[in-house]
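Colleague: Please take a close look at the interior of this model. I want to know what lies where and what touches what.

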Amino acid sequence: MKLNEISPNTVKGSWTSDLTLRKLWGLTELKKIKDTFDTVYILGSWYGNAAIILNLLRKQISFEHIVNVDTDQQALGTSERLLNKMGLADNTEFMLADANELDYRQLGHNGLVLNFSTVDIAGTDWFENIPPGTTLLIQARDRVEGSPNQFSTVQDLVQRFPLSRVNYQGEKLFKDPETEFKSFMIIGQK
């Protein structure tokens, strides 16, 4: 998978304010809806930032296990080293896999799937394979040239990934290193 992110493809680039604030926005809204999960799958986990943030927010959102999923072996290895160095890897699995080929076997009945990388993951099998009743947090942004998925409104996200129940849908304006953009998010149950 070619990453279309505008932030640099480095550990430092993965912590740009727009990427970090988008994850915090998502997890803040998620906590208002549900705050306890068994297993959390993070699709397109890149350098493991969402896993780091989730571990730091453990008193607000509890979980037993994280599965960081990415197709980039180097980024996945870096995320494993970072989480180990921070003492946060004990509950984390690092899975080199295409999100569209997952069977979510570890998800359990109280699982969560986080996809902050929706614009970069081609296809919808990643979504179709998620068991009904699973909680999802899906984010996308507008104006990403060359991306396999283009979104202009939060309604585009709602229509492309229909949930049985939408607990939250919204959009926010952010600024990446080059331009302002809108980020869209839905949270709910499949």
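Modeller: Buried means a relative accessible area under 20%, exposed over 50%, and partly exposed in between (1.4 Å probe, protein chains only). This is a predicted model, in which local features need pLDDT of at least 70 and side-chain atom pairs 80 or more, while totals for chains, interfaces and linings use all residues. Numbering starts from 1 along each chain as its sequence is written, and side-chain values use heavy atoms, without hydrogens or water.

I begin with N115, which is buried because its relative accessibility is 0%. This residue belongs to strand β4, residues 112–115; helices (H or I, at least four residues) and strands (E, at least two) are DSSP runs, numbered from the N terminus. Beyond the residues up to four places away in sequence, N115 touches L43, I121, W126, L137, I138 and Q139, where contact means heavy atoms within 4.5 Å. L43 in that list is a residue of β1, which covers residues 39–43. G44 is 71 residues from N115 in sequence, yet the C-alpha atoms of G44 and N115 are 7.0 Å apart.

β1 also holds T39. T39 has a relative accessible area of 7% and therefore counts as buried. With neighbours within four places left aside, T39 contacts H65, V67, Q106, L107, N110, G111 and L112. H65 and V67 fall in β2, residues 65–70, whereas L112 falls in β4.

β2 contains N68 as well, and N68 is buried because its relative accessibility is 0%. Excluding residues up to four places away, N68 touches I42, S45, G48, A51, L76, S79, T92, E93, F94 and M95. I42 in this list is in β1, while T92, E93, F94 and M95 lie in β3, which runs over residues 92–96. A51 is one of the buried residues of helix α3.

That leads to α3 itself, which is largely enclosed by the rest of the structure because 7 of its 8 residues are buried. Those buried residues are N49, A50, A51, I52, I53, L54 and N55. α3 spans residues 49–56 and packs against α2, residues 17–33, at an angle of about 50 degrees, with the axes 11 Å apart. The axes are lines fitted to C-alpha atoms over the stretch in contact, and angles run from 0 to 180 degrees between N-to-C directions. The two helices are therefore oblique to each other, as angles under 35 degrees count as roughly parallel, over 145 as roughly antiparallel, 65 to 115 as roughly perpendicular and the rest as oblique. On the α2 side, T20, K23, L24 and L27 make the contact, and on the α3 side N49, A50, I53 and L54 do. N49, A50, I53 and L54 are also among the buried residues of α3.

Two loop residues complete the picture. W46 sits in the loop between β1 and α3 and is buried because its relative accessibility is 11%. Its phi is near 55 degrees, a positive value in a residue other than glycine. Y104 likewise has phi near 55 degrees and is not a glycine. Y104 is in the loop between β3 and β4, and its relative accessibility of 2% means that Y104 counts as buried.
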